[in-house]
Amino acid sequence: MRKAASALDYRELARRRLPPFLFEYIDGGSYAEATLRRNVADLEQIALRQRVLNDVSVTDVSTEIFGHAYKLPVGLAPVGLAGMNARRGEVQAARAAEAAGIPFCLSTVSACPLDEVARAVTKPFWFQLYMIRDREFMKDLLHKAKAAGCSALVFTVDMPVPGSRYRDYHSGLAGAPGIMGAMRRVWQGATHPHWAWDVGIHGRPHQLGNVAPVLGKNTGLEDFFAWMRNNFDPTVSWKDLEFIRDIWDGPVIIKGILDKEDALAAAEIGADGIVVSNHGGRQLDGVPSTAHALPPIAEAVGDRMKVLVDGGVRSGLDVVRMLALGADFVLLGRMWVYALSAAGEKGVAHVLQLIEAEMRVAMALTGVTKVADFNESQLVRD
Ligand code: FNR
């Protein structure tokens, strides 16, 4: 395969290009990876009703959410350390998202810091926050996100403790001899400018994203991972939303909801939206797929807040399936990171074009001409 014809083709291109420990980090899920597989398989099984003779010459794929108009009902999900897979990777992805007219969400644990991404784009992007033990650091991060002009805060709540990913042990990313050994093996011989050489090795200036200030100077990726392990706060609870609301006055989206009761609690507490998510099958293995969890949640929540979803979306058709299942907006996780890894900004831009083209075909063949018209009536119910 020389050229990607579908978004999923970038997975194979990324596999060929990336050192194994980076590919496995993106590709893998937790434990036996049952949930990771379910996310994809359950979505694939959703059958749509084929409808004909509806004049589908014009299909409108644009939407509006949290006060902003977007060209697609699609955004780039927060992915930690995505910037390791291409030089200044998050900047490249944010640029591609902006050009496509969709939101990019920067992870707390990105390789590029907030201000760097802000300088690279002209429109607001979103910021994802984890609950960090050090509240002063969190405050500082929220102020930086404000200063960077971020238009929405995605508060991820499904990682009070990290799930174990066996592939990271097998690849050498996790556990002895640790990340630095693996990094050095790969990068010592690397000569291609695609690689993110400047993330903290070879004595180059250290750019460890948003956590650089707490790590101090002269630190490497080992310290970065140790910081992640030690600073995520397992005491996180509903009352912490108040702490965030005190500092952040923009929309707050709670990411990592998989249960109807939690969705209703999020609505009750005044969240502007939720992301129905199981962290791409990287946390509690065995939980239901998001395609399975979404419909009852969307129904229970109604119009009280926006319902976003991610997990297993591999094509524009999958986006359409999620919309029919009740989502207002769909996030892409691995899909953009594979493309970034294989072909940088151009790769991400291409994936977004492919998604849009596939969405338009799926809309035409289901007889739906605008995003707001999606609902369960497009689903085949046996
Ligand atoms: C993630 N995800 C994630 N979520 C988050 O809120 N903050 C983060 O830093 C990360 N980091 C991260 C790293 C990697 C390598 C992956 C694959 C995922 C979860 C992500 O936002 C999203 O929920 C899933 O990726 C969605 O599933 P798909 O689209 O990858 O199947």
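Buried means under 20% relative accessible area, exposed means over 50%, and partly exposed is whatever falls in between, using a 1.4 Å probe and the protein chains only. These views show a predicted model, in which local features need pLDDT of at least 70 and side-chain atom pairs count only at pLDDT 80 or more, while totals for chains, interfaces and linings use all residues. Residues are numbered from 1 along each chain as its sequence is written, and side-chain values use heavy atoms, with hydrogens and water left out.

**View 1. Ile 247 in helix α11.** Helix α11 spans residues 240–247; helices here are DSSP runs (H or I, at least four residues), strands are E runs of at least two, and both are numbered from the N terminus. Ile 247 counts as buried because its relative accessible area is 9%. Its C-alpha sits 9.9 Å from that of Met 138, with the two positions 109 residues apart along the chain.

**View 2. Polar contacts to the ligand from Gly 80, Asp 310 and Arg 314.** A polar contact is a pair of N or O atoms within 3.5 Å; within protein, one must be able to donate a hydrogen and the other to accept it, and residues adjacent in sequence count only if both atoms are side-chain atoms. Gly 80 uses a backbone N or O atom, 2.9 Å from a ligand nitrogen. The side chain of Asp 310 puts an N or O atom 2.6 Å from a ligand oxygen, and a polar side-chain atom of Arg 314 is 3.0 Å from a ligand oxygen. On its own the ligand has 600 Å² of accessible area (Shrake-Rupley method, 1.4 Å probe; for residues, only the protein chains shown count as cover), and the protein covers 98% of that.

**View 3. The shell around the ligand.** There are 22 residues around the ligand, where being near takes a heavy atom within 4 Å. Pro 78, Ser 107, Thr 156, Asp 310 and Gly 312 come nearest. The shell splits into seven nonpolar, 10 polar and five charged residues. In this bookkeeping Ala, Val, Leu, Ile, Met, Phe, Trp, Tyr, Cys and Pro are nonpolar, Asp, Glu, Lys and Arg are charged, and the others, Gly among them, are polar.

**View 4. The largest cavity.** A cavity is a set of points, on a 1 Å grid over the protein atoms alone, where a 1.4 Å probe fits but cannot get out; lining residues have an atom within 4 Å of a point. Grid points are joined across faces, edges and corners, and a volume is the space filled by probe spheres set on the points. The structure has one cavity of 30 Å³ or more, and the largest holds about 50 Å³. Its lining includes Tyr 130, Met 131, Thr 156 and Phe 232, and divides into seven nonpolar residues, one polar and one charged.

**View 5. Leu 53 and Arg 88, two positive phi angles outside glycine.** Most residues other than glycine have a negative phi. Leu 53 has a phi of about 55° in the loop between α3 (34–44) and β1 (63–65), and counts as exposed because its relative accessibility is 87%. Arg 88 has a phi of about 45° in the loop between β3 (74–76) and α4 (89–100), and at 14% relative accessibility it counts as buried.

Methods
On a 1 Å grid over the protein atoms alone, a cavity is a set of points where a 1.4 Å probe fits but cannot get out, and a pocket is an open set with protein on both sides within 12 Å along at least five of seven lines; lining residues have an atom within 4 Å of a point.
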